[in-house]
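Here are some exercises to work through with the sequence and the model side by side. Try each task before you read its solution.

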Amino acid sequence: MTLHLKKSWIISLITSFVLLGGVFLSPAASADAAKVVTSTYSDLDQSYAEFKEYTNQLFSLETYEAKAFTALESIDTQVTSTNRKSMYLKLTNTVIPNYTKLVSKAKQIKPANPQIKKIHATFVKASYTQLEGYLLYQKAVSKNKVNYTLLKQGNAKVNTASVLMDQCEQQLYAYARSLGYDS
């Protein structure tokens, strides 16, 4: 059986935002301030600041994700009794501790903006589901005989996490466009 490994989400988000026009640049919508009512401009400014703060907090998690994904990339995705111990050690010593830190730190992010709060809830759920998948992988390869039922359950969790993260990305992009980022 093969492990399903997914791309690095935070790195993907960073790349996508750079392609969107950059999180670190001002949104195009605020450039035409003369046409915007002062209170609306102020609201947009506030929303932009909240969005920038949120994405910076999200990007600060990248180091944990990068360590986990680097270890995952070194794992042979075809699970056998020969490589099961190596997989177990990488999952136990690197992947799970780093992904646990990512989930823990993500839960500490508390956006005030209701739209960002909803997006973040999806991000946390996706990340936690991904961690559950890794824990199932670990349990599947923890004994001399690989437990293919647990491996299949882990793959299902990882696939569910991928769907949730795709939803999160779409919500984040839609919100970024509403602030004036070009797509």
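**Exercise 1. Find what share of the chain's residues is buried, then describe the overall layout.**

Step 1. Buried residues make up 45% of the 183 residues in the chain. Here buried means under 20% relative accessible area, exposed means over 50%, and partly exposed is in between, with a 1.4 Å probe and protein chains only. Keep in mind that this is a predicted model, in which local features need pLDDT of at least 70 and side-chain atom pairs count only at pLDDT 80 or more, while totals for chains, interfaces and linings use all residues. Residues are numbered from 1 along each chain as its sequence is written, and side-chain values use heavy atoms, with hydrogens and water left out.

Step 2. Now take the surface: the chain exposes about 9500 Å², and carbon and sulfur atoms supply 54% of it. Such areas come from the Shrake-Rupley method with a 1.4 Å probe, and for residues only the protein chains shown count as cover.

Step 3. Count the secondary structure elements: there are 6 helices and 0 strands, in the order α-α-α-α-α-α along the sequence. Both are DSSP runs numbered from the N terminus, with helices being H or I of at least four residues and strands E of at least two.

Step 4. Look at the contacts, meaning heavy atoms within 4.5 Å. Among contacts with a separation of 6 or more, residues 24 or more positions apart account for 81%.

**Exercise 2. Work out which face of helix H3 is buried.**

Step 1. Check the length. H3 has 12 residues and reaches 16 Å from its first C-alpha to its last, close to the 16 Å expected at 1.5 Å a residue. The expected span is 1.5 Å times one less than the number of residues.

Step 2. List the buried positions of H3: Tyr-64, Glu-65, Ala-68, Phe-69, Ala-71 and Leu-72.

Step 3. Look down the helix axis. The buried residues of H3 fall within an arc of 160°, so they line one face of the helix. The arc is that of the directions from the helix axis to the C-beta atoms.

Step 4. Turn to the other side of H3, where Thr-70 and Glu-73 are exposed.

**Exercise 3. Trace the aromatic cluster and describe two of its ring pairs.**

Step 1. Start with the total: the structure holds 4 aromatic pairs. Rings of Phe, Tyr and Trp (its six-membered ring) pair if their centres lie within 6.5 Å; planes under 30 degrees apart count as stacked, over 60 as edge-to-face and the rest as tilted.

Step 2. Take Phe-69 and Tyr-99, an edge-to-face pair at 6.3 Å centre to centre with 70° between the planes. This pair links distant parts of the chain, with Phe-69 in helix H3 and Tyr-99 in helix H4. Their C-alpha atoms are 9.1 Å apart in space, although the residues are 30 apart in sequence. Phe-69 is buried, with a relative accessible area of 5%, and Tyr-99 is buried at 0%.

Step 3. Next come Tyr-134 and Tyr-137, a tilted pair at 6.3 Å centre to centre with 40° between the planes. Both lie in helix H5, 3 residues apart, about one turn of the helix. Tyr-134 is buried at 0% relative accessible area, and Tyr-137 is buried at 1%.

Step 4. Put the residues together: ring pairs link Phe-69, Tyr-99, Tyr-134 and Tyr-137 into a cluster.

**Exercise 4. Locate the salt bridge and say what it joins.**

Step 1. The structure holds 1 salt bridge, defined as a side-chain nitrogen of Lys or Arg within 4 Å of a carboxyl oxygen of Asp or Glu.

Step 2. The partners are Glu-132 and Lys-157, whose side chains meet at 3.1 Å, N to O. Glu-132 lies in helix H5 (residues 114-140) and Lys-157 in helix H6 (residues 148-178), so the pair ties together parts that are 25 residues apart in sequence.

Step 3. Check the exposure: Glu-132 is partly exposed at 24% relative accessible area, and Lys-157 is partly exposed at 30%.

**Exercise 5. Examine two loop asparagines.**

Step 1. Asn-83 lies in the loop between helix H3 (62-73) and helix H4 (84-108). Asn-83 counts as buried at 13% relative accessibility. Leaving out residues up to four places away in sequence, Asn-83 touches Asp-76 and Gln-78.

Step 2. Asn-113 sits in the loop between H4 and H5 and counts as buried at 7% relative accessibility. Beyond its neighbours within four places in sequence, Asn-113 is in contact with Ser-47, Glu-50 and Tyr-175.
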